[in-house]
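Student: Hi! Could we go through this structure together, one feature at a time?
Tutor: Happy to; here it is.

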Amino acid sequence: MDFYYITTPIYYVNDIPHLGHAYTSVAADVCARFWRLCGVSTYFVTGVDEHGQKVEKAAQKQGCAPQAFVDKMNVSFEELTKLLNISNDDYIRTTQERHKSAVSALWNILYSKGYIYLDRYEGWYSVRDEAFFTEDELIEGLAPTGAPVEWMAEESYFFKLSAFQQKLLDLYQNEKLLIVPHTKYNEVISFIKSGLKDLSISRTKISWGIKVPQNSQHIIYVWLDALTNYITALHFPNIESDLYTNYWQNGYSLHLMGKDILRFHAVYWPAFLLAAELPLPKKIFAHGWWLAEGQKMSKSLGNVISPFNIVKEFEVDYLRYFLMREISFGNDGNFSKEALINRVNTDLANNIGNLIHRTLTLLTKNFNGVIRVKPDKDELIVNQAYSILSKLRAFIDNQKIQECLIEIVYLSSSANEYMHNKEPWKIIKNNPDSAQQVLTNVIEVIRIVGIVLQPFIPSLASVVLDNLGIKGSERTFSCLTYSYSLPFAHFIPPPTPIFKKFEL
Ligand code: MSP
């Protein structure tokens with residue numbers, strides 16, 4: 001893999017950001033940082049979805065002009081991106097001119113190829129989902145998501161989605177485009193098999209959005225608008241640009257999103273691309289949902305978790321660690337402060353933190369902090385450390401982020417056990433060389449742990465590496481080998497506490 005492209009959904013700015021937004025951003029950030037550290041050219045895009053009826057309504061409710069409203073709301077999304085230490089290369093706002101040009105260009109391609117026609121739409125629309133529903137899809141008068149629906153009857157442009165039913169099935173059956181996890185793949189396939197109807201892709205009753213190039217009475221459907229962001233960021237319609245060629249045409253592209261918006265990504269988006277004869281992404285990954293203390297987060301229940309508050313209380317890396325470690329990426333999970341505290345105390349403070357503290361304290365006390373030997377390559381624990389990268393690569397390749405952290409903590413546990421068995425504190429007096437060898441072996445494990453933790457908890461990992469005195473230029477994954485182990489006479493200062501221990 002030479003070029004890796006990863007995206008988050010672009011977030012609606014109708015309300016302030018919540019934990020769900022933080023989740024996808026952190027997961028995408030972990031993957032992006034991981035591949036960069038592997039030396040893979042990586043491009044990572046996130047941003048906001050500013051058009052559509054939902055945003056228009058929210059602006060109206062506040063008595064604000066839509067542009068002023070989105071400018072204001074966007075601020076907290078940009079702040080959250082910074083606060084979470086997200087390493088995105090670009091940040092898309094759908095009100096930007098570059099995006100409007102990209103959407104118009106895509107529309108014109110679809111139009112010129114005969115995939116768009118004018119007709120009349122009559123049916124149900126859920127503003128909250130920004131989605132159309134047929135009568136038989138409704139459940140007790142509500143959208144399947146539980147959102148209220150309103151009746152819509154207006155002139156509309158349609159996209160010939162029905163023409164892509166078999167093509168989409170072929171695409172998925174031939175694994176030209178992957179949907180992960182597999183349960184989600186099955187859902188998409190059965191949805192497509194149930195029959196695809198042409199899709200209404202313009203509205204006349206709203207005015208906030210991008211105008212249809214051929215008819216200024218119509219506003220382009222917000223999902224056609226929003227999905228295009230993935231190629232706007234790569235300079236579409238300039239398909240000769242380096243970004244587009246490297247990352248979209250020839251690269252490995254992965255869209256991450258929550259399960260609720262999989263259908264838009266796995267049915268509409270590839271159909272638009274197939275119709276326009278543009279390259280497709282390589283993989284679509286749908287993650288699960290966080291519940292708040294067992295319940296769905298909602299404004300009416302007043303239980304929406306603010307990532308800002310959590311970070312204020314715990315610091316960003318503890319939130320990042322918890323979100324990535326607590327649930328298997330793809331499943332639903334439950335957020336509670338208690339679970340967060342237990343998790344970070346157990347894994348970070350008590351396991352990794354303890355390993356570092358006791359090892360470096362022994363080195364300081366008995367050897368003035370000076371390393372006098374190289375790690376023993378024949379020692380099992382050292383080998384276990386050197387072999388971790390290939391495991392982590394395989395996990396990240398499959399978005400198994402939780403498994404990575406389990407593996408890293410397992411390595412730290414093994415090193416703690418090794419210390420326990422070797423008891424260097426007991427042999428120091430009579431056999432200092434052997435004690436020094438044990439400590440050096442463990443310090444090598446700590447160096448590896450510090451380096452591989454960087455994608456997950458970048459700030460805390462850098463404190464670990466600072467503690468060991470590792471140069472900035474020796475922190476990439478190419479340094480996870482014996483040849484980069486600490487040199488003879490390397491001095492490590494007395495340890496400072498790295499991981500906090502939180503009170504329940
Ligand atoms: N604007 C669209 C996406 C367009 S992408 C071309 C949108 N925005 S959203 O703000 O409503 O949702 C963004 C993401 O947040 C989705 O992936 C959604 O699954 C995720 N989450 C919303 N609530 C969530 C949880 N409670 N838990 C985890 N993620 C959740 O949809």
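Student: Let's start with the second largest pocket: how does its lining divide into nonpolar, polar and charged residues?
Tutor: The lining of the second largest pocket has 3 nonpolar, 5 polar and 3 charged residues. Keep in mind that this is a predicted model.

Student: Which residues line the second largest pocket?
Tutor: Going along the chain, they are Val-180, Lys-283, Phe-285, Ser-328, Phe-329, Gly-330, Asn-331, Asn-398, Gln-399, Lys-400 and Glu-403.

Student: And how much space lies in the second largest pocket?
Tutor: About 150 Å³.

Student: What kind of peptide bond joins Val-180 and Pro-181?
Tutor: A cis one, with omega about -5°. Val-180 also belongs to the lining of that second largest pocket. As for Pro-181, the loop between β7 (178–180) and α6 (182–193) holds it.

Student: What about Phe-236 and Pro-237, cis or trans?
Tutor: Cis as well, and omega is about 10° there. Pro-237 sits in the loop between α8 (229–232) and α9 (242–249).

Student: Why do people bother to point out cis bonds and positive phi values?
Tutor: Because most peptide bonds are trans, and most residues other than glycine have a negative phi. On the phi side, Glu-277 has a positive value, near 55°, and is not a glycine. You will find Glu-277 in the loop between α10 (262–276) and β13 (283–287).

Student: Since α10 came up, at what angle do α4 and α10 pack?
Tutor: Helix α4 (residues 97–112) packs with α10 at about 65°, and their axes are 9 Å apart. The crossing is left-handed.

Student: Which residues make that contact between α4 and α10?
Tutor: α4 brings Leu-106, Ile-109 and Leu-110, while α10 brings Trp-269, Phe-272, Ala-275 and Ala-276. By class, the contact has 7 nonpolar residues, no polar and no charged.

Student: Now α18 and α19: at what angle do their axes cross?
Tutor: At roughly 150°, with the axes of α18 (residues 432–453) and α19 (residues 458–468) coming within 8 Å. That crossing is left-handed.

Student: Which residues meet there?
Tutor: From α18 you have Ile-443, Ile-446, Arg-447, Gly-450, Ile-451 and Leu-453, and from α19 Ala-461, Val-464, Leu-465 and Leu-468. The contact of α18 with α19 counts 8 nonpolar, 1 polar and 1 charged residues.

Student: Changing topic, how many aromatic pairs does the structure hold?
Tutor: There are 34. One involves Tyr-117 and Phe-158, whose ring centres are 5.6 Å apart with planes at 15°, so that pair is stacked.

Student: Where in the chain are Tyr-117 and Phe-158?
Tutor: Tyr-117 is in strand β4 (residues 116–126) and Phe-158 in strand β6 (residues 150–159). They lie 41 residues apart, and the pair links distant parts of the chain.

Student: Last one, cavities. How many of 30 Å³ or more are there?
Tutor: The structure has 3 cavities of 30 Å³ or more. The largest cavity holds about 50 Å³ of space.

Student: What lines the largest cavity?
Tutor: Tyr-11, Ser-25, Phe-77, Leu-80, Thr-81, Leu-84, Ile-86 and Tyr-91. Helix α3 (residues 66–83) gives the largest share of that lining, 3 residues. By class, the lining of the largest cavity has 6 nonpolar and 2 polar residues, and no charged ones.

Conventions
Residues numbered from 1 in each chain as written. Predicted model: local features only at pLDDT ≥ 70, side-chain atom pairs only at ≥ 80, totals over all residues. Heavy atoms only, no water. Axes fitted to C-alpha atoms, helices over the stretch in contact; angles between N-to-C directions. Helix = DSSP H or I, 4+ residues; strand = E, 2+ residues; numbered from the N terminus. Left-handed = near helix turned anticlockwise from the far one by under 90°. Contact = heavy atoms within 4.5 Å. Nonpolar A, V, L, I, M, F, W, Y, C, P; charged D, E, K, R; others polar. 1 Å grid on protein atoms, 1.4 Å probe; cavity = no way out; pocket = protein on both sides within 12 Å on 5 of 7 lines; lining within 4 Å. Points joined across faces, edges and corners; volume = space filled by probe spheres on them. Phe/Tyr/Trp six-rings, centres within 6.5 Å; stacked < 30°, edge-to-face > 60°.
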